[in-house]
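Student: I would like to go through this structure with you. Could we start with one of its pockets and then move on to other parts?
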Amino acid sequence: MVSSPPVRHAVVVEDDADIRGLLVLVLEQLDFVVTEAPDGLSGVEAVRRTNAELVTLDINLPDIDGMEVCRRLREFSDAYILMLTARADEIDRLNGLDTGADDYINKPFSPKELQARIRALFRRARTPAAPAEDTGQSDELARAAVVQQSLLPRETVRLSGYDVAGAFRPSRSVGGDFYDWYQTRDGMHFTFADAMGKGMGAALIAATVRAVMRSVADTPAIDAAFGSASATIASDLDQSGSFVTMFHARLDSASGTLSYIDAGHGLALHVPAEGAARRLVSAGPPVGILDNQVWPASELDLEPGDSLVIVSDGVLDAHNSLEDFQRNVEKVARSGATADDVCAALLELAPAATAEDDVTAVVVRRKPNAGL
């Protein structure tokens, strides 16, 4: 008989209902039983009542502030405390105070970054022995893996002046990672997404997302196309209690202009031929979080020698900080001779022996002599 994994409790202390709802979804995807608290005093009582192992704690609360909540929690709890702040300057202030928090993250946050930081916190604890494998679960994961592999593009992108590659390595648990691309008259469209969850459910959601994104390829404006697609899949996501992070882009190969929308992914880097790399900021939450959400499109110019690198949270999870992650991804992007080389090296940043999630990468590199 396979023993059930121990139940982990988390408390979300946050006065904004939308942010609180997003935090609950993110933590439930990590298999926490989550208790919500809209203010500091109720949060302290919730931690005491549930004996929570994790607390996400907003600094600006309507009764007592987050730092006071943290101090009170440390009187009786050794839970990991992850503090959230809406102001970047508060991070410096917090770092200079002995509040007892384990980590800090700035709003707006990427769900991927949040999950990676939580996994990093719990890696400090002793890793429990793995339970015996369940045959039924193994069969479902095998079927999910087949679905997941079928989502990857079969055609090679052949754009004059560009080098494009993608790579995917599934984990044993099988998630909802996928990437897709196809050439157009003006260049190419591509999508990088992760349906939250594991197994067949996540794989089927990913398959739906891929099909819907392809169905809006002829919609002229990328923001209109993305809005239509997100509305189409909203009911499926609502029924499954899931959500999807996505990076969707359209490249005009002649000009090098890349139009893109980042819905909660937050793990795309623009690596210019000259100057420091820049992480592209999310335009809003993942698809399926809020009703009637609108995601504005952004643009960047891929100049000759520039690269766009997109990775999954499996790569982020392998790093101790976002700064280490960005530094190593930029280093890999600059050192590979081809896009294929870069993708292979990106996967090696999260070695298969220790990776807990799928590891996926897509690289779009404009060749140095392009446009000459």
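**Pocket, cores and single residues**

Tutor: In this predicted model, strand β5 gives the largest share of the lining of the second largest pocket, namely four residues.

Student: How much space lies in that second largest pocket?

Tutor: The second largest pocket holds about 610 Å³ of space. Its lining has 28 residues, and the closest to the centre are Asn106, Lys107, Pro108, Phe109 and Ser110.

Student: Which elements give two or more residues to the lining?

Tutor: They are α1 (17–29), β5 (103–106), α5 (111–123) and α10.

Student: And how do the lining residues divide into nonpolar, polar and charged?

Tutor: There are 15 nonpolar residues, six polar and seven charged.

Student: Staying with β5, what does the side chain of Asp103 make a polar contact with?

Tutor: Asp103 has its place in strand β5, and its side chain makes a polar contact with the side chain of Arg117 at 3.1 Å. Not counting residues up to four places away in sequence, Asp103 touches Ile81, Leu82, Met83, Arg117 and Leu121.

Student: Let us change topic to the interior. Which residues touch the most other members of the largest nonpolar core?

Tutor: That core has 25 residues, and those that touch the most other members are Val309, Val311, Phe325, Val329, Leu346 and Val363. Two or more residues come from each of β6 (162–169), β11 (268–271), β14 (307–311), α9 (313–317), α10 (322–335), α11 (339–348) and β15 (359–366). As a general point, nonpolar side chains tend to be buried together in soluble globular proteins.

Student: What is Phe325 in contact with, leaving aside its neighbours within four places in sequence?

Tutor: Phe325 is in contact with Leu267, Leu269, Val311, Val315, Leu316 and His319. There is also a second, separate core of 24 residues, which includes Leu152, Val164, Ala268 and Ile310.

Student: Now Gly161, please. Is this residue buried or exposed?

Tutor: Gly161 counts as buried because its relative accessibility is 16%, and the cut-off for buried is under 20%. Gly161 is found in the loop between α6 (135–150) and β6.

Student: How far apart are Gly161 and Arg366 in sequence and in space?

Tutor: They are 205 residues apart in sequence, while their C-alpha atoms are 6.1 Å apart in space.

Student: What is the phi of Asp31?

Tutor: The phi of Asp31 is near 70°, a positive value in a residue other than glycine. Most residues other than glycine have a negative phi. Asp31 lies in the loop between α1 and β2 (32–37), and this residue counts as exposed because its relative accessibility is 63%.

Student: What about the phi of Asn51, and where is that residue found?

Tutor: Asn51 has a phi near 55°, a positive value in a residue other than glycine. Asn51 is found in the loop between α2 (40–50) and β3 (54–58). With a relative accessibility of 61%, Asn51 counts as exposed.

Student: To finish, how many helices and strands does the protein have?

Tutor: The secondary structure comes to 11 helices and 15 strands. Of the 372 residues of the protein, 53% count as buried. Among contacts between residues at least 6 apart in sequence, 69% join residues at least 24 apart.

Definitions and conventions. Residues are numbered from 1 along each chain as its sequence is written. This is a predicted model: local features need pLDDT of at least 70, side-chain atom pairs count only at pLDDT 80 or more; totals for chains, interfaces and linings use all residues. Side-chain values use heavy atoms; hydrogens and water are left out. A nonpolar core is a set of buried Ala, Val, Leu, Ile, Met, Phe, Trp, Tyr and Cys residues joined through side-chain atoms within 4.5 Å. Buried means under 20% relative accessible area, exposed over 50%, partly exposed in between (1.4 Å probe, protein chains only). Contact means heavy atoms within 4.5 Å. On a 1 Å grid over the protein atoms alone, a cavity is a set of points where a 1.4 Å probe fits but cannot get out, and a pocket is an open set with protein on both sides within 12 Å along at least five of seven lines; lining residues have an atom within 4 Å of a point. Grid points are joined across faces, edges and corners, and a volume is the space filled by probe spheres set on the points. Ala, Val, Leu, Ile, Met, Phe, Trp, Tyr, Cys and Pro count as nonpolar, Asp, Glu, Lys and Arg as charged, and the others, Gly among them, as polar. A polar contact is a pair of N or O atoms within 3.5 Å; within protein, one must be able to donate a hydrogen and the other to accept it, and residues adjacent in sequence count only if both atoms are side-chain atoms.
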